[in-house]
Amino acid sequence: MAGKFLESTAPAATFSATRDIRITVLGSGTSAGIPTITCDCAVCHSTDPRDNRLRPSVLLEYNGRKVLIDTTPDFRQQALRHNIRSLDAILYTHAHADHIMGLDDVRPFNFHRAEPIPVYASADTLARIQLAFKYAFKYEGKPAGPVPKLEGHILNGEPFDLFGLTVQPIPLPHGRDVTFGYRVANVAYLTDHSEIPEASLKLLEGLDVLFLDALRHRPHPTHSTVATSLDASIRLKPKQTVFTHMSHDLGHEETQHTLPEGVTLAYDGMVIDTPLRGFRVFTSLEDALPFFSPAGVSIGNFDGVHTGHQSLFRRLVALCHERGWKPSVLTFDPHPARILVPDRAPRLLTSLAERLQLFRQCGIEQVLVLPFNEDLRHLEATQFVERIVAPLGTRAVIVGDNFRFGHKLSGNTETLRALAPRYGYESLAGGAITYRGQTVSSSNVRGALYDGKVSKAARMLGRCYSIQGTVVTGHGVGSKQTVPTLNLAPTSELPPADGVYVTRATDLDDNRSWAAITNIGTRPTFENGSDRSIETFLLDSFDGRNPVHLKLTFLGRLRDEQKFEDAAALKTQIFHDVKRASALHRRVSTLIIRNEKGN
Ligand SMILES: [Zn+2]
Ligand SMILES: [Zn+2]
Ligand SMILES: [Zn+2]
């Protein structure tokens, strides 16, 4: 069979390790592989090499790195066939045998590297993999024999950075199991799913390449069909859709004929190179000038990146995709209020790093962060447009209704509209988003947090509010007298009002996360004056090292902080809180999904 194997179809010479992402299909077949053992059907006996399908897997190459998705029982053969010489990370979709059973064959890659190979998967998938291949994870120091050396990283569905690109796990039902699809920049690989929930569809907008499970025509309890995946493709409009995980019901040639333009069946050895539409951040006008044009630009501070901002960005991204422009943000750092009215400057909901991450999630592709300094503050509104907006090759501008700019904040949406013809851009009206009759604005979100109303803040933000910080040694009282706690020194400027909250604690270094309760306040039971502390009690047990960099996501408020008779009374109350919090934790994931559907 090896002789019939198809060679690469993409001109390798044009692949640029820094500008492109390459996807190689290592296997395009369903769990049994095609030909299937003992089967005499036409497809299993086909002489078309594209009907010869190993178990499903792809290799991603970008920024000089190789990232494998799943280790199939055919992995050894796939690695040899494609002359894979190194491996930098493995992403697992789920723990079914056809996706993991070749794991042991990664060990030659360990011979060529000192560090273990990082492996990313959901907690459940990782646990099941570790059950089958315990020896690959539990080695102490140097392995006694030639075994794979892997390092597990648990994913909770949040995006993470992998070799300079954002990887977004995409939760997908697969019968009664849940799998992760993965989006890496403008490419997504979704295998083994019975449907794509609404919340996951939202993570798949603006793709260049989308791989979908398309097992066969007849319905199947745990897999998508050709028709269902065609519907998903029509809805998501990626530039290119590729079907994979196919059974012997689908002959390549005859099925391909029935598919619309832009939709192809995968085959083993298929190579797709696509330019990386990476996310770029510029910190000066000079840096941005050579690259920015043609741009659709949204201008503002965007603190919190709330639902109002998100709706602006959605319109901007849609327009840019239609016209072939780059969806862009022009923002400022520090917040202009810090310079203009230092004593009245607001405490910020998001750091610059968080804002950039959120812009990226909204489909923004480039950001110019203008240093807000004396020069900038003295630019007249017209000069701002003439010297900054126009030279960037701006084709369209969209801003929020309350946007002000230029010296003494004399410029507004009206100014932008008036200057549009002269500088050759379209000026789009912003429009406001309201929540229960109140305009969604950064200051209204801040107001909700000052009142401890984290649920209200979440509705306006379109996600739960979170703060970050470093775990510091606490007062010591917690661990001795009540329950063990993590004390956070926040880098975030705006912790919610004092009180007791249901939270999720995430280790920012490795994505481990735990259900938790967080107490913000002065610990009145222990009389330590007005020293404010942020203490978190984990509801899930954990092993491994103590987290150092923690993110706290606020899911709901339990009660005010109160003074108790003694530590024992406090402890009783904490256990009461734990009960309520656990119930809330069980509900909250469905709540969040429901909220997202409502948008
Ligand atoms: Zn499978
Ligand atoms: Zn067959
Ligand atoms: Zn499966």
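This passage describes a zinc site and several salt bridges in a predicted model. Residues are numbered from 1 along each chain as its sequence is written, and chains are lettered from A and ligands numbered from 1 in the order in which they are written. Local features need pLDDT of at least 70 and side-chain atom pairs count only at pLDDT 80 or more, while totals for chains, interfaces and linings use all residues; side-chain values use heavy atoms, with hydrogens and water left out.

The zinc ion (ligand 3) has as protein donors His94 (NE2), His96 (ND1), His174 (NE2) and Asp192 (OD), at 2.1 to 2.3 Å. Donors are N, O and S atoms within 2.8 Å of the metal (3.2 Å for Na, K and Ca); water is not among the atoms, so sites may look incomplete. Along the chain, the donors of this ion follow the spacing H-x1-H-x77-H-x17-D. His96 lies in the loop between S4 and helix H2 (97-100) and His174 in strand S8 (residues 165-174), so that this pair links distant parts of the chain, 78 residues apart. Helices (H or I, at least four residues) and strands (E, at least two) are DSSP runs numbered from the N terminus. His174 is buried, at 3% relative accessibility, and His96 is partly exposed, at 24%. Buried means under 20% relative accessible area, exposed over 50%, and partly exposed in between (1.4 Å probe, protein chains only).

The angles among the 4 donor atoms of the zinc ion (ligand 3) run from 90 to 175 degrees, and the site is irregular. Four donors count as tetrahedral if all angles lie between 85 and 135 degrees; four count as square planar and six as octahedral if opposite donors are over 155 degrees apart and all others between 65 and 115; anything else is irregular. Asp192 also bridges to the zinc ion (ligand 1), which lies 3.4 Å from the zinc ion (ligand 3).

The structure holds 25 salt bridges, each a side-chain nitrogen of Lys or Arg within 4 Å of a carboxyl oxygen of Asp or Glu. One of them joins Arg65 and Asp88 (3.4 Å, N to O). Arg65 is in strand S3 (residues 65-69) and Asp88 in the loop between helix H1 (75-81) and strand S4 (89-91), 23 residues apart. Arg65 is partly exposed, at 33% relative accessibility, whereas Asp88 is buried, at 13%.

A salt bridge also forms between Arg235 and Glu198 (2.8 Å, N to O). Because Arg235 lies in helix H6 (residues 226-236) and Glu198 in helix H5 (residues 198-201), the pair ties together parts 37 residues apart in sequence. Asp48, Arg50 and Glu253 are linked in a salt-bridge network.
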